[in-house]
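Colleague: I'm new to reading structures, and I keep meeting words that nobody explains. Could you go through this one with me and say how each word is earned?

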Amino acid sequence: MILRLPLKLNARLGGGPLVASASHANPLLDWSVRAFEAGRAEYVLLSNTRSLYSAVLDDVANENAARFAERVVGVIRAILEGAVRGSLTGVGSELTAEPVRFAKALDRSVTGSMNELVAYAELLLADGGLSVTEVGVRLNDLLLSALARGDEKYGTPRDAFAALVAGPGS
């Protein structure tokens with residue numbers, strides 16, 4: 001599994017040097033991470049690199065690289081189990097067998113889209129009426145030009161992730 005971290009977050013976690021890495025062969029195991037603040041709290045946006053399907057994590061201020069990776073894998077497992085209705089055949093074994101590798105961001109398209117997601121998350125969290133889980137749900141319905149398909153100018157992370165889970169040709 002690949003976790004793509006910004007340099008500042010990687011340094012804070014003590015993750016060692018980041019290397020450039022091509023996309024994972026299984027796009028469900030390639031995720032990008034971005035730290036941000038809303039109010040006085042720190043959060044992390046976790047987005048699938050291909051579909052931008054996202055979750056927001058809180059309470060990450062004092063974690064080390066191993067604990068952070070363990071927590072993120074748990075969140076990704078929950079996302080994948082929900083997406084494939086509890087049957088992680090193939091992906092589940094890769095998720096547990098494969099070590100987590102930290103890498104640099106893939107490209108500016110992903111980084112730019114994550115900046116949009118962070119801005120929206122900051123607005124939702126500033127209100128204080130939503131949990132981090134609810135914020136993640138709302139982020140997955142945001143229209144993003146990076147996810148445009150066919151004649152449509154925009155796509156949502158939810159639809160892009162559903163297509164990714166369904167596999168090629170669906």
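Modeller: Sure, we'll take the strands, the helices and then the pocket, and keep in mind that this is a predicted model.

Colleague: Okay, strands. How do you know that β1 and β2 are paired?

Modeller: Two strands count as a pair if there are at least two bridges between them. Strand β1 (residues 2-4) and strand β2 (residues 30-38) are joined by 3 bridges, so by that cut-off they pair. They run parallel, and one of the contacts puts I2 across from its bridge partner D30.

Colleague: And what makes β2 and β3 a pair?

Modeller: Same test. There are 8 bridges between β2 and strand β3 (residues 41-48), and the required number is at least two, so they pair as well. Here the sense is antiparallel. You can pick out facing residues: S32 stands opposite S47, and R34 is opposite L45.

Colleague: Which residue does L45 face in β4?

Modeller: That's V56. β3 pairs with strand β4 (residues 54-58) in the antiparallel sense too, over 5 bridges. So β3 has β2 as a partner through 8 bridges and β4 through 5.

Colleague: Why is β3 called mostly covered?

Modeller: A residue is buried if its relative accessible area is under 20%. In β3, 6 of the 8 residues meet that cut-off.

Colleague: What happens in the hairpins, where the chain turns from strand to strand?

Modeller: Between β2 and β3 there are 2 residues, and G39 has a positive phi near 70°. The hairpin of β3 and β4 has 5 residues between the strands, and there L52 takes a positive phi near 65°.

Colleague: What makes L52 worth a remark?

Modeller: Most residues other than glycine have a negative phi. L52 is not a glycine, yet its phi is positive, about 65°. L52 lies in the loop between β3 and β4.

Colleague: Is L52 buried or exposed, and how do you know?

Modeller: L52 has 3% relative accessibility; buried means under 20%, so L52 counts as buried.

Colleague: On to helices. How do you know that the length of α2 agrees with what a helix should span?

Modeller: Helix α2 covers residues 65-83, which is 19 residues. At 1.5 Å a residue the expected span is 27 Å, and the end C-alpha atoms are 27 Å apart, so the two agree.

Colleague: Why do you say that the buried residues of α2 line one face?

Modeller: The buried ones are A65, F68, A69, V72, V73, I76, I79 and L80. Looking down the axis of α2, they fall within an arc of 130°, so they line one face of the helix. On the other side, A66 and E70 are exposed. The spacing makes sense too: an α-helix has 3.6 residues a turn, so residues three or four places apart point the same way.

Colleague: How does that work out for α6?

Modeller: In α6, P157, A160, F161 and L164 are buried. Down the axis of α6 these fall within an arc of 95°, so they line one face as well. D159 and A166 are exposed, on the face turned away from the buried side.

Colleague: Why is S113 called buried?

Modeller: S113, in helix α4, has a relative accessible area of 4%, which is under 20%, so the word fits. S113 and A146 are 33 residues apart in sequence, while their C-alpha atoms are 6.9 Å apart in space.

Colleague: And what makes L139 buried?

Modeller: L139 sits in helix α5 (residues 132-139). Its relative accessible area is 0%, under the 20% cut-off, so L139 is buried. From L139 to L124 it's 15 residues in sequence and 9.4 Å in space, C-alpha to C-alpha.

Colleague: Last one: what lines the largest pocket?

Modeller: 19 residues do, and T49, R50, S51, L52 and L147 lie nearest its centre. The elements giving two or more residues to that lining are α4 (108-127) and α6 (157-166). By class, the lining has 10 nonpolar, 6 polar and 3 charged residues. The space in the largest pocket comes to about 270 Å³.

How values were computed: Residues are numbered from 1 along each chain as its sequence is written. This is a predicted model: local features need pLDDT of at least 70, side-chain atom pairs count only at pLDDT 80 or more; totals for chains, interfaces and linings use all residues. Side-chain values use heavy atoms; hydrogens and water are left out. Helices (H or I, at least four residues) and strands (E, at least two) are DSSP runs, numbered from the N terminus. On a 1 Å grid over the protein atoms alone, a cavity is a set of points where a 1.4 Å probe fits but cannot get out, and a pocket is an open set with protein on both sides within 12 Å along at least five of seven lines; lining residues have an atom within 4 Å of a point. Grid points are joined across faces, edges and corners, and a volume is the space filled by probe spheres set on the points. Ala, Val, Leu, Ile, Met, Phe, Trp, Tyr, Cys and Pro count as nonpolar, Asp, Glu, Lys and Arg as charged, and the others, Gly among them, as polar. The expected span of a helix is 1.5 Å times one less than its number of residues. Buried means under 20% relative accessible area, exposed over 50%, partly exposed in between (1.4 Å probe, protein chains only). The arc is that of the directions from the helix axis to the C-beta atoms.
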